Amino acid sequence: MLSTIFTADFFAAILRATTPILFATLAAAIAAKSGIINMALEGMMLFAALFGVIFSSLTQSWAGGLLITMALGGLLGLILAFFVLNLKTDEILAAIAINLVATGGTVLLMLAFSGDRGTSISIQSVPAPKLDIPFLQDVPVLGSLLCGHNVMTYLALIAVVVVHIFLYKTPLGLKIRAVGENKNAAESVGISSRRIQYIALILSGILVAMGGFFMSGGYMSMFTKDMAAGRGYIALAASSMGANTPIGGFLVAVLFGIAQAFANVMQLSTIPYELIQMVPYLTTLIGLGIYSYSRMKKRQKAGGK
Amino acid sequence: MKKVIALLLALMLMLGLVACGGGEETTEPEGGEGGESTAEPYKAALLLNGTLGDKSFYDSANEGLTRLRDELGADVFDFKVEQMGGTTADEPKWEPTLLDYCDSGEYDVIIMGTWQMAAPLAKAAAEYPDQKFMFFDEAFDFAGNGNPSNIYNILYKQNEDSYLVGAAAAMMTTDETLEKVNPDDAVIGFLGGMDNAVINDFLLGYIQGAKDTNPDIKIAIGWVGDFVNSATGKDIAMAQYQNGVDVGYNVAGNAGLGQIEAAKEMDKYAFGVDSDQAALLPDFADWIPTSALKNVGNSLYAAIKEDMAGTLAYGTTVTYGFAEGGVALVKDAHYEEMVPENIRTTLEELEQKIVNGEITVMTSSNMTTEEIDEIKASVALQ
């Protein structure tokens, strides 16, 4: 089994499994920093997966499809924000509603566009391409590791940096964090918490839409019913384990991707698959345990000084 | 005074009920026993807890009944399809719809399928003992429901066509004329949705078919864990293909589409399941040699014909295999193009042997989990 793990194929599998969760994790982080738990990530990702297929087909370009999908993702974020902030709906209930609507709504939309219910195979969509970086791809080992991944994977990695800078180095990011930390304090210095939370949820929708786009236009090349398959919820957990920071969320998402890829390869062995299925979750738990233990040690050290 | 009125009203209601019931009773025998030429046609109702257009199961049922009507004429056999919808939101109306149909008394037989309809059916069958039902693709628990004698239960021998797929896969993976395979090692793959009785029935047939063909065959068995996670299905299949698997078989619903995508990406083979996936997925047809079909339409066609002749054994479970046309491999021009002739000839012989009983295919229905695990372990990779 070791021979299959230290390969470029395995590395690629990790990145594939990580990408959609990473986008959703960043989406969860921005929303959480503004003080709202975006549990609708799952439904938004599912919608975006279908939008990606439909609009990349209509525009006959993956970039066109991606941009429209992101816009519609932002719209979904806006809708959630409207329910939560204007109509004062419970944020969890509104999210559950969106997730339920997504399951049936995507099938309905797919039926309208393609006449099919199970898959979008008859829609001629344009998946995001794989990227070969000139010069780098000729470098031995490094080239095969770092090249040939989906464009969306690179975008996800870039997004980690962008979201980090946005949250910690820009005025708007500061406002988002301020609102999330203490709404009243933020209001007292003239920040409209509603406006800030609107912005945060729209950004959250845009980010998770990128993850959804990758699901049907990169990971797979078609939309299949319920294909988000819990990734939105996993991302929510990943973000929370990463203390709702982009870097922390990134680390947990990668850890989860590694565990998932490892579980897939482990299925080739005779280990019972019920055990294997636990691996991604078990790994995340252990990772979390180590993380909080080290934090505790640090705090004790700091306290001792 | 009030009491008298109440009593009178109750009496009137009862009379009304008796009158209605009597009316139905007098008309029913006319329809049922009247001469063939003058009588009402044999009428069937097909209740789908889903919709037509699934290009698989339900379309197949509809096709079988349509074929029968075209053949016999609408004055001899007619049917109505009721699409109840398959989402959780539709679920509350399944049972009332079924009871409405029973209540109408218009139909000689009411047909439905899948495990989700088992409970409503059990209720309807008890409430309407004179109504006949057909129930496909899920075992009906006769003993647990007071042995109703008005249900005809149809199951499919998915293990039999999976046997042929296993044999085909084992032959193809070592075939030197095929470009997409590495003939040096005999490794094939299987992607299942969930580790349950039906999927294991597919798997056991697949294993037996492969082992009978090549005793040294190794099979990478992967499980998605559900029937929707196509992306994870793809990743598991990719891992299989990257580790020597040349030919796979997907039995994982929509998640199985992941294996077909992986086959295209890795330029390997993936067998289709339940419906003709090569025809359904034209962009992927070059990687799908053929598909194992579950032919609901054929089984209904045969059962209704038998019922019209008055010989159908209601109250029993009948399993439709190759011999009864309940399962089949797609054998069209595409299949002939993809699968070398010597393999096709062997498959034809194997099918004959299954039909005439020379080969008995294992089934999960009479095996324990330990026995099944042992068989899986006997073909494991490592």
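## Strands, helices and a buried serine

Let's begin in chain B, where β10(B) and strand β12 (residues 327–329) pair in the antiparallel sense over three bridges. Within that pairing, Leu293(B) stands opposite Ala328(B) in β12(B). Keep in mind as you look around that this is a predicted model.

β10(B), residues 291–294, has another partner in strand β9 (residues 269–274) of chain B; these two run parallel and are joined by three bridges. Here Leu293(B) turns up again, since Asp274(B) stands opposite this leucine in β10(B). Leu293(B) is thus a good residue to centre on: follow it to Ala328(B) for the antiparallel pairing, and to Asp274(B) for the parallel one.

Now move to another sheet of chain B. This one is open and has six strands, in the order β2-β1-β3-β4-β5-β11, with parallel pairing. Its edges are formed by β2 (77–83) and β11 (317–320) of chain B, each of which pairs on one side only. From strand to neighbouring strand there is an average turn of 20°, direction ignored. For a look at one of the pairings, take strand β1 (residues 42–48) and strand β3 (residues 109–113) of chain B, which run parallel and are joined by three bridges. Ala44(B) has Val109(B) in β3(B) as its bridge partner.

Helices pack on this sheet too. One of them is α2 (residues 57–72) of chain B, which touches β1, β2, β3 and β4 (132–136) of chain B. The direction of this helix makes about 160° with that of β2(B). Helix α3 (residues 94–104) of chain B also packs on the sheet, touching β1, β2, β3 and β4 of chain B, and its direction makes about 165° with that of β3(B).

Stepping back, chain B as a whole holds 13 helices and 12 strands. Of its 382 residues, 52% are buried. Among contacts in chain B with a separation of 6 or more, 67% are between residues 24 or more positions apart.

One residue of chain B takes us across to chain A. Ser230(B) lies in helix α7 (residues 230–242) of chain B. Is this serine buried or exposed? Ser230(B) has a relative accessible area of 0%, so it is buried. Leaving aside residues up to four places away in sequence, Ser230(B) touches Met220(A), Thr224(A) and Met227(A) from chain A, along with Asn254(B), Ala255(B) and Gly258(B) from chain B.

In chain A, let's compare two helix pairs. The axes of helix α2 (residues 8–33) and helix α11 (residues 231–241) of chain A come within 8 Å and cross at roughly 55°. That angle makes α2(A) oblique to α11(A). Their crossing is right-handed. On the α2(A) side, the contact involves Pro20(A), Ile21(A), Ala24(A), Thr25(A), Ala28(A) and Ala29(A); these meet Arg231(A), Ile234(A), Ala235(A), Leu236(A), Ala238(A) and Ser239(A) in α11(A). By class, the residues of this contact are nine nonpolar, two polar and one charged.

The other pair is helix α4 (residues 62–86) and helix α10 (residues 193–219) of chain A, whose axes come within 7 Å and cross at roughly 140°. At this angle α4(A) is oblique to α10(A), and α4(A) passes α10(A) in a right-handed crossing. The contact between α4(A) and α10(A) has 15 nonpolar, eight polar and one charged residues.

Methods:
Residues numbered from 1 in each chain as written. Chains lettered and ligands numbered in written order. Predicted model: local features only at pLDDT ≥ 70, side-chain atom pairs only at ≥ 80, totals over all residues. Heavy atoms only, no water. Axes fitted to C-alpha atoms, helices over the stretch in contact; angles between N-to-C directions. Helix = DSSP H or I, 4+ residues; strand = E, 2+ residues; numbered from the N terminus. Parallel < 35°, antiparallel > 145°, perpendicular 65-115°, else oblique. Left-handed = near helix turned anticlockwise from the far one by under 90°. Contact = heavy atoms within 4.5 Å. Nonpolar A, V, L, I, M, F, W, Y, C, P; charged D, E, K, R; others polar. Buried < 20%, exposed > 50% of the residue type's maximum accessible area, 1.4 Å probe, protein only. Pairing = 2+ DSSP bridges.
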